[in-house]
Amino acid sequence: GQTISPDCFPLPLTTFEKFMFADDRPGYRMTFVIEIRLSGDFRFEEFSSACSSALARHPLLCSHVSRIRGKLYWTKSHRPHDIERDLDIDSLPASWQEIDLTTETGVKLRVSEDDQETLVTFVFHHAATDGIGAIRFIGDVLGIYGIQTAENDEVPELHSLSNEALLARGQLWDQASVPDRSWKRTLRHMLEFSTCFPASIAKPKTASENSLREHFFVSRQLNRKLHSRLKNRAHQLGVHPNDIYLSCYFFTMKAWNQAQGRKAERESYRVLIPTSLRTSQHDQLSAANVLSMILIHLTGSKIENSTHFILNLHRRMSQILNTADSRLLVRVLQIASRLPGGMFVSTRNPIRYCTGVLANVGDVKRQFNCRFPLRKGKCVAGSVVLESLYGAGPIRKGTAIGVSLGTYAGELLVNFNCDSKALPNEQAESFADLYMSKLSEFTDEMKEDDVLSK
């Protein structure tokens with residue numbers, strides 16, 4: 001495949017990249033971890049070579065952030081990119097998640113091996129790429145490795161990349177098809193954001209103050225059968241699966257706070273949802289951020305475990321996603337970035353922007369920039385098979401939980417990034433179990449007006 005030329009550097013940061021760079025702080029890093037598990041005959045030297053080749057195709061992941069004439073730019077790093085190797089799969093320290101973009105590049109890799117499997121851990125800085133871009137890079141790594149190690153006709157097909165797509169990554173919409181805009185809706189959204197204050201996730205009284213999370217995130221999965229049933233149920237209602245995931249998130253937050261003795265009916269809950277702005281013009285884009293963010297705000301009294309609630313939420317989501325409302329938050333950041341100290345105020349003020357985050361990357365195989373041979377629905381990359389891929393996005397200070405979803409080989413993969421100060425290990429596991437129980441309950445057959453079990 002085509003390698004992106006470094007000639008476009010130094011490259012100015014987009015508004016969203018500036019926000020992610022400025023929002024990075026100790027304890028709340030704007031980085032995210034993706035782990036992949038591989039079975040088969042793993043060959044480290046070939047994998048290391050594949051990583052180097054893939055990085056040449058994704059220039060933002062091998063760049064620093066530099067200040068030139070008072071402005072922030074991506075500048076190419078010429079240092080070799082090392083891959084850590086460890087035989088102990090469980091020995092990774094939490095500090096390894098930190099990336100200083102002024103001295104380090106936008107991705108770190110670590111390979112751990114035992115007799116049964118190989119675990120590859122990637123850490124990405126969100127200023128360099130979003131989750132879909134990170135998955136595209138991982139797909140390139142596995143695709144190149146597969147080409148190098150394939151011993152039969154099962155060879156991955158790598159797609160080409162384009163310089164022009166990288167340069168257009170900061171556009172909120174195609175000028176030829178500007179979405180519907182309304183000042184009335186904009187003012188309503190701004191009024192809601194400035195006057196409604198989202199609740200926090202209640203910390204259980206039994207939680208230990210010194211308990212730290214043992215892993216980067218908590219993972220769960222919905223098997224192929226239940227996931228298929230959930231999608232069928234969503235189709236029957238005329239909604240999207242993501243509407244179900246979001247509804248169950250609201251159900252879970254309210255039920256959790258009620259269980260901790262909070263008056264959840266009187267509280268307000270706000271969920272931040274990253275939304276991809278990718279179109280066909282981004283098909284050849286390397287790892288980058290092409291997304292906006294939307295906020296869904298609901299009072300506890302309006303969160304009802306019912307079909308009616310899900311249908312209303314679906315209509316609200318559709319209205320936002322199909323108009324310029326879905327770009328509003330990034331447009332506000334653009335205005336703030338032009339004001340003296342605006343970006344600092346946006347990232348360092350004590351306001352809680354949301355109760356939780358819900359991100360969905362969709363079907364992992366469709367996000368790869370490579371076509372793989374399949375074996376039982378799983379990607380074959382030469383001498384190895386991709387068994388699973390788990391990852392969770394970052395959370396800001398004040399936001400206790402971020403839920404990240406994706407599908408692979410028919411299963412729904414659900415990951416919870418929990419602030420250990422609010423939900424230590426045992427409580428994070430309990431919250432994850434509660435959310436999965438809400439998803440499972442929805443897969444049960446029920447009539448149109450039935451109420452989901454609480």
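# Notebook: strands, helices and a few single residues

**Entry 1, strand S7 and its partners.** I began with strand S2, residues 31-40, and found that it pairs with S7 in the antiparallel sense over eight bridges. I note at once that this is a predicted model. To fix the register of the pair, I looked up Thr31 and found that its bridge partner in S7 is His125. I then turned to strand S6, residues 107-113, which pairs with S7 over seven bridges, again in the antiparallel sense, and here Val107 has Phe124 of S7 as its bridge partner. S6 and S7 form a hairpin, with four residues between them.

Are the residues of S7 buried or exposed? I counted eight of its eight residues as buried, and I wrote the strand down as mostly covered. Looking at the directions of the side chains, I saw that Thr118, Val120, Phe122 and Phe124 point one way, that Leu119, Thr121, Val123 and His125 point the other way, and that all of them are buried.

**Entry 2, the sheet of three strands.** Next I traced an open sheet in which three strands follow the order S1-S4-S3 with antiparallel pairing. S1 and strand S3, residues 63-68, are the edge strands, and each pairs on one side only. S3 and S4 run antiparallel and are joined by six bridges, and I found that His64 has Thr75 of S4 as its bridge partner. In the loop between S3 and S4 I stopped at Arg69, whose phi is near 50°, a positive value in a residue other than glycine. Arg69 counts as exposed, because its relative accessibility is 76% and the cut-off for exposed is over 50%.

**Entry 3, helix H1.** I looked up helix H1, residues 15-22, and found Thr15, Phe16, Glu17, Phe19 and Met20 buried in it. What covers these buried residues? The list includes strands S1, S4, S7 and S11, together with helix H9, residues 328-338, and helix H10, residues 342-348.

**Entry 4, the sheet of six strands.** A second open sheet, of six strands, has the order S9-S18-S17-S12-S10-S11, and its pairing is mixed. Strand S9 (218-222) and strand S11 (291-299) stand at the edges with a single partner strand each, so one side of each has no neighbour in the sheet. On average, and with direction ignored, neighbouring strands of this sheet are turned by 20° against each other. Strand S10, residues 268-276, pairs with S11 in the antiparallel sense over nine bridges, and the bridge partner of Ser268 in S11 is Thr299.

I also asked which helices lie across these strands. Helix H8, residues 307-321, lies across S10 and S11 and runs at about 145° to S11. Helix H12, residues 425-442, lies across S9, S12, S17 and S18, and it runs at about 15° to S9.

In the loop between S17 and S18 I found Ala409, with phi near 55°, again a positive value in a residue other than glycine. At 9% relative accessibility, Ala409 counts as buried.

**Entry 5, helices H6 and H7.** I compared the axes of helix H6, residues 224-237, and helix H7, residues 241-259, which come within 8 Å and cross at roughly 105°. The two helices, H6 and H7, are therefore roughly perpendicular to each other. The contact is made by His227, Leu230, Lys231 and Ala234 of H6 and by Pro241, Ile244 and Tyr245 of H7. Sorted by class, this contact of H6 with H7 has five nonpolar residues, one polar and one charged.

From this contact I picked out His227, which is in helix H6. His227 counts as buried at 3% relative accessibility. With its neighbours within four places in sequence left aside, His227 is in contact with Leu222, Tyr245, Thr407, Gly410, Glu411 and Leu412.

**Entry 6, cysteines.** How many disulfides does a search of the whole structure find? The search finds zero. I reminded myself that a disulfide is a covalent bond between the sulfur atoms of two cysteines. Why does Cys354 not bond with Cys418? Cys418 holds the closest cysteine sulfur to that of Cys354, but the two are 13 Å apart, too far for a bond. Cys354 counts as buried, at 3% relative accessibility, and I recorded Cys62 as buried too, with a relative accessible area of 12%.

Definitions and conventions
Residues numbered from 1 in each chain as written. Predicted model: local features only at pLDDT ≥ 70, side-chain atom pairs only at ≥ 80, totals over all residues. Heavy atoms only, no water. Pairing = 2+ DSSP bridges. Axes fitted to C-alpha atoms, helices over the stretch in contact; angles between N-to-C directions. Contact = heavy atoms within 4.5 Å. Buried < 20%, exposed > 50% of the residue type's maximum accessible area, 1.4 Å probe, protein only. Parallel < 35°, antiparallel > 145°, perpendicular 65-115°, else oblique. Nonpolar A, V, L, I, M, F, W, Y, C, P; charged D, E, K, R; others polar. Disulfide = S-S within 2.5 Å.
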